Amino acid sequence: MSEAAAVDTHDHAEVRDQLEPSLTPGNLGKLGMWSFLAGDAMTFGAAIAAYGALRIDNPNWPSPAAFLGITTTAIMTFILICSSVTMVEALGSIQTGRMARYRNFMALTVLGGLLFLGMQAFEWHHLLEIKGMSIKVDLFDATFFILTGFHGCHVFGGVVYNFVLLVRGMTGKLTPAKANLVEIAGLYWHFVDLVWILIFTFIYLI
């Protein structure tokens with residue numbers, strides 16, 4: 001009986017190990033990124049909620065369309081969404097060992113981030129110099145520059161992150177065996193994309 005019980009316990013342990021894999025370095029990396037994004041999501045959520053609380057029932061709150069360039073920002077949003085698509089393609093390429101294709105799509109992802117930042121810099125220059133907006137003028141200006149600027153810092157960080165992975169892929173230091181590194185970077189980049197869609201909706205459109 002004891003021998004049969006030992007065999008049964010061993011079988012159950014093997015099944016449990018198959019269903020509950022250990023935390024490999026790749027899984028630890030994703031867990032770390034998800035933890036970071038969870039905290040970051042709360043920060044952005046609190047900032048957007050504060051914007052809504054300041055704006056609601058405020059008769060002096062200006063119409064965003066009167067100050068902000070909706071068309072330009074819509075193009076920025078489209079570019080950022082496209083960069084998420086190229087990020088997905090880059091991940092799929094490295095997972096299947098197509099390194100040249102990976103490098104092309106990762107370069108497009110970096111380019112999309114740079115275009116977004118360039119257009120945001122142009123927008124800020126127009127608003128500051130032409131429209132006379134400033135973080136010191138009123139709550140509308142302050143919340144706009146804080147939210148979009150905080151997000152812009154995230155985009156910049158993502159561009160640097162992706163550029164490093166691109167260079168590593170070009171120098172042969174990033175191989176299909178390390179595709180999990182691109183997957184982790186993709187989690188961050190898609191998060192940045194999603195947050196911008198929320199900012200664009202709440203600040204520019206509503």
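# A walk through an all-helix model

Let's start between two helices: Asp57 sits in the loop that links H2 and H3. Its backbone is worth a look, since Asp57 has a positive phi of about 60° although it is not a glycine. As for its surroundings, Asp57 counts as exposed, at 75% relative accessibility. Keep in mind throughout that this is a predicted model.

Now zoom out. How many helices and strands does the protein have? The count is six helices and zero strands, so reading along the sequence gives the pattern α-α-α-α-α-α. On burial, 36% of the 206 residues count as buried.

Next, the way the helices pack. Two packed helices are described by the angle between their axes and the distance between the axes. Take H3 and H4 to begin with: they pack at an angle of about 160°, and their axes are 8 Å apart. Angles over 145 degrees count as roughly antiparallel, and H3 and H4 are therefore roughly antiparallel to each other. Their crossing is left-handed. If you sort the residues of this contact between H3 and H4 by class, you get 15 nonpolar, eight polar and three charged.

Then there is the pair formed by H5, which covers residues 139-170, and H6. Here the packing angle is about 155°, with the axes of H5 and H6 10 Å apart. That angle makes H5 and H6 roughly antiparallel to each other. The crossing of H5 and H6 is left-handed. By class, the H5 contact with H6 holds 18 nonpolar residues, six polar ones and one charged.

What about H4 and H6: roughly parallel or roughly antiparallel? The axes of H4 and H6 are 13 Å apart and meet at an angle of about 30°. The cut-off for roughly parallel is an angle under 35 degrees, and H4 and H6 are therefore roughly parallel to each other. The crossing of H4 and H6 is left-handed.

While we're on H5, have a look at Val164, which lies in that helix. Val164 is partly exposed, with a relative accessible area of 42%. Try picking out Val110 as well: Val164 and Val110 are 54 residues apart along the chain, and their C-alpha atoms are separated by 10.0 Å.

On to the charged side chains. Side chains of opposite charge can pair when their charged atoms come close. How many salt bridges does the model have? The count comes to two salt bridges. In one of them, Lys30 pairs with Glu183, and the closest N and O atoms are 3.7 Å apart. The cut-off for such a pair is 4 Å, so the distance of 3.7 Å for Lys30 and Glu183 falls within it. Lys30 belongs to helix H2 (residues 25-55) and Glu183 to helix H6 (residues 179-205), so this salt bridge ties together parts that are 153 residues apart in sequence. Are the two partners buried or partly exposed? Lys30 counts as partly exposed at 23% relative accessibility, and Glu183 is partly exposed too, with a relative accessible area of 26%.

The other salt bridge joins Glu89 and Arg101, with 2.9 Å between the closest N and O atoms. Glu89 lies in helix H3 (residues 70-95) and Arg101 in helix H4 (residues 99-130), so the pair ties together parts that are twelve residues apart in sequence. You have met these two helices already, as the roughly antiparallel pair H3 and H4. Glu89 counts as partly exposed, at 29% relative accessibility. Its partner Arg101 is partly exposed as well, with a relative accessible area of 28%.

Last stop, the cysteines. How many disulfides are there? The count comes to zero disulfides; the rule asks for a pair of cysteine sulfur atoms within 2.5 Å. As for accessibility, Cys82 is partly exposed, with a relative accessible area of 32%. Cys153, on the other hand, counts as exposed, at 54% relative accessibility.

Key
Residues are numbered from 1 along each chain as its sequence is written. This is a predicted model: local features need pLDDT of at least 70, side-chain atom pairs count only at pLDDT 80 or more; totals for chains, interfaces and linings use all residues. Side-chain values use heavy atoms; hydrogens and water are left out. Buried means under 20% relative accessible area, exposed over 50%, partly exposed in between (1.4 Å probe, protein chains only). A salt bridge is a side-chain nitrogen of Lys or Arg within 4 Å of a carboxyl oxygen of Asp or Glu. Helices (H or I, at least four residues) and strands (E, at least two) are DSSP runs, numbered from the N terminus. Axes are lines fitted to C-alpha atoms, for helices over the stretch in contact, and angles run from 0 to 180 degrees between N-to-C directions. Angles under 35 degrees count as roughly parallel, over 145 as roughly antiparallel, 65 to 115 as roughly perpendicular and the rest as oblique. A crossing is left-handed if the near helix is turned anticlockwise from the far one by less than a right angle, and right-handed if clockwise. Ala, Val, Leu, Ile, Met, Phe, Trp, Tyr, Cys and Pro count as nonpolar, Asp, Glu, Lys and Arg as charged, and the others, Gly among them, as polar.
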